[in-house]
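Here is a report on one protein model and its ligand. It covers an enclosed space, the ligand shell and some selected residues.

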Amino acid sequence: MTTKKIALLGSTGSIGRQTLEVVRQFPDQLEIVALAAGSNELLLSQQIAEFRPSFVSAECNLERLPGFTHVCGRGVEGLLTAATLPEVDIVVVATSGHAAILPTLRAIEHGKTIALANKEAIVCAGAIIIPEARRRGVEIRPVDSEHSAIWQCLHGFEAGADVACITLTASGGPFLNRPLDQLAHVTVDQALAHPNWNMGNKITIDSATLMNKGLEVIEAHWLFNVPFEQIEVVMHPQSVVHSLVSFRDGSVLAQFGVHDMRLPIQYALTYPERVPAPHLALELGTLGTLEFCKPDLERFPSLAIARQAGISGGTYPAVLSGADEVAVRAFM
Ligand SMILES: NC(=O)c1ccc[n+]([C@@H]2O[C@H](COP(=O)([O-])OP(=O)(O)OC[C@H]3O[C@@H](n4cnc5c(N)ncnc54)[C@H](OP(=O)(O)O)[C@@H]3O)[C@@H](O)[C@H]2O)c1
């Protein structure tokens, strides 16, 4: 594999840090040339010292960053510069929230391969971003574990023609079995205690309400060009099967793996090659029982609300996403 030059947007976040762990494993194949973060000055300083990018963008005091010899940017302009540097091959979009929309679009316009973790960009602006990527022949490689799973199951198939249904799995988060009359009184700490995944706060709260899964339904619609009535959600508390594709002949392909985001991150960076990652191996013999059941829409009404917003189209998904961001902030 030739060395891939990477711009990492959101380097100080959960996905950003795990992306750097993957890059650390493959120093000959992956190289960081740009880092973009928000206000976590201390961590960004450490990342700059270790990865020595040629460009850095941040919301913090750039003069205080070590070796202030890098070319630096700030705000949206900084993100846009990082995403469009001529030497960049892959832009990892791991900035949280709506700040990712414009850099994703600009990176596509500059022909960069996108490794997409952020979901707000596709949920809010899928109708703009996806046609632009298709028009320019730009690859969008999903990093979200469910969409990475579907992407992998679809290799070699033309989505639409042979696909009967896409099934996204949902762990159910910390409140899967909590009595309904207690849900109005849960605390932030309880909502942040996800049983399987260690993620940023916003997506963890969204996972507790299943709004995250609702956003993923909209994301899947755009990424795989599949109508909403062919996208299902199934509860799977063990988070071992990351998603499934059912074909019209009755065959079902699923992707299994440990619940560790480094796996889909690594695949998005090394695709089409699969490079060894022994620490991510799945031991089927020790797994025990895998469970699947239908989602309870009384417990998780946001799943139906998100699906309806997706079907309504237009600006509904953007309004949904904005309202969700405000609601999560208010809850926190
Ligand atoms: N975490 C997961 O396992 C996971 C899985 C699937 C999908 N995703 C998606 O990936 C995205 C990132 O999730 P995360 O969990 O990694 O979030 P996170 O831990 O909250 O990290 C967010 C990152 O974005 C940066 N950032 C936020 N606002 C910014 C702005 N206005 N300008 C520049 N940088 C900004 C933060 O910088 P500072 O911290 O320096 O302020 C941080 O580096 C989200 O869209 C999420 O839905 C995450």
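Helices (H or I, at least four residues) and strands (E, at least two) are DSSP runs, numbered from the N terminus. This is a predicted model, so local features need pLDDT of at least 70, side-chain atom pairs count only at pLDDT 80 or more, and totals for chains, interfaces and linings use all residues. Residues are numbered from 1 along each chain as its sequence is written, and side-chain values use heavy atoms, with hydrogens and water left out.

**The cavity**

Rolling a probe the size of a water molecule over the atoms shows where empty space is left. A cavity here is a set of points, on a 1 Å grid over the protein atoms alone, where a 1.4 Å probe fits but cannot get out. Lining residues have an atom within 4 Å of a point. Grid points are joined across faces, edges and corners, and a volume is the space filled by probe spheres set on the points.

How many cavities of 30 Å³ or more does a search of the whole structure find? It finds one. The space in the largest cavity is about 50 Å³.

Which element gives the largest share of its lining? That is α6, with three residues. Two helices, α6 (145-153) and α10 (262-270), each supply at least two lining residues. The lining consists of S145, S148, Q152, W197, H242, Q255, G257, V258, D260, L263 and P264.

For classes, Ala, Val, Leu, Ile, Met, Phe, Trp, Tyr, Cys and Pro count as nonpolar, Asp, Glu, Lys and Arg as charged, and the others, Gly among them, as polar. On that basis the cavity lining has four nonpolar, six polar and one charged residues.

**The ligand shell**

A residue is near the ligand if one of its heavy atoms lies within 4 Å of it. There are 24 residues around the ligand, and T12, G38, S39, E120 and D144 come nearest. By class, this shell has nine nonpolar, twelve polar and three charged residues.

Polar contacts are pairs of N or O atoms within 3.5 Å. Within protein, one atom must be able to donate a hydrogen and the other to accept it, and residues adjacent in sequence count only if both atoms are side-chain atoms. T12 places a polar side-chain atom 2.6 Å from an oxygen atom of the ligand. S14 has a polar backbone atom 2.9 Å from a ligand oxygen. For S96, a polar backbone atom is 3.3 Å from an oxygen atom of the ligand. The ligand has 900 Å² of accessible area on its own, and the protein covers 81% of that. Accessible areas come from the Shrake-Rupley method with a 1.4 Å probe; for residues, only the protein chains shown count as cover.

**Buried and exposed residues**

Buried means under 20% relative accessible area, exposed over 50%, and partly exposed in between (1.4 Å probe, protein chains only). The table places five residues.

| Residue | Location | Relative accessible area |
|---|---|---|
| T169 | strand β8 (residues 163-170) | 6%, buried |
| E146 | helix α6 | 9%, buried |
| L210 | loop between α8 (201-209) and α9 (211-224) | 2%, buried |
| N177 | loop between β8 and α7 (188-192) | 69%, exposed |
| G285 | loop between α10 and α11 | 81%, exposed |

T169 and H236 are 67 residues apart along the chain, yet their C-alpha atoms are separated by 5.8 Å. The side chain of E146 makes a polar contact of 2.8 Å with the side chain of K213. N177 and L30 are 147 residues apart in sequence and 42 Å apart in space, C-alpha to C-alpha. G285 and R141 are 144 residues apart in sequence, with 31 Å between their C-alpha atoms.

**Backbone geometry**

Most residues other than glycine have a negative phi, and most peptide bonds are trans. L210 has a positive phi, near 70°. S239, also not a glycine, has a positive phi of about 50°. S239 sits in the loop between β9 (231-235) and β10 (241-247). S239 is buried, at 6% relative accessible area.

Where is the cis peptide bond with omega of about 5°? It joins Y271 and P272. P272 lies in the loop between α10 and α11 (301-312).

Terms used:
On a 1 Å grid over the protein atoms alone, a cavity is a set of points where a 1.4 Å probe fits but cannot get out, and a pocket is an open set with protein on both sides within 12 Å along at least five of seven lines; lining residues have an atom within 4 Å of a point.
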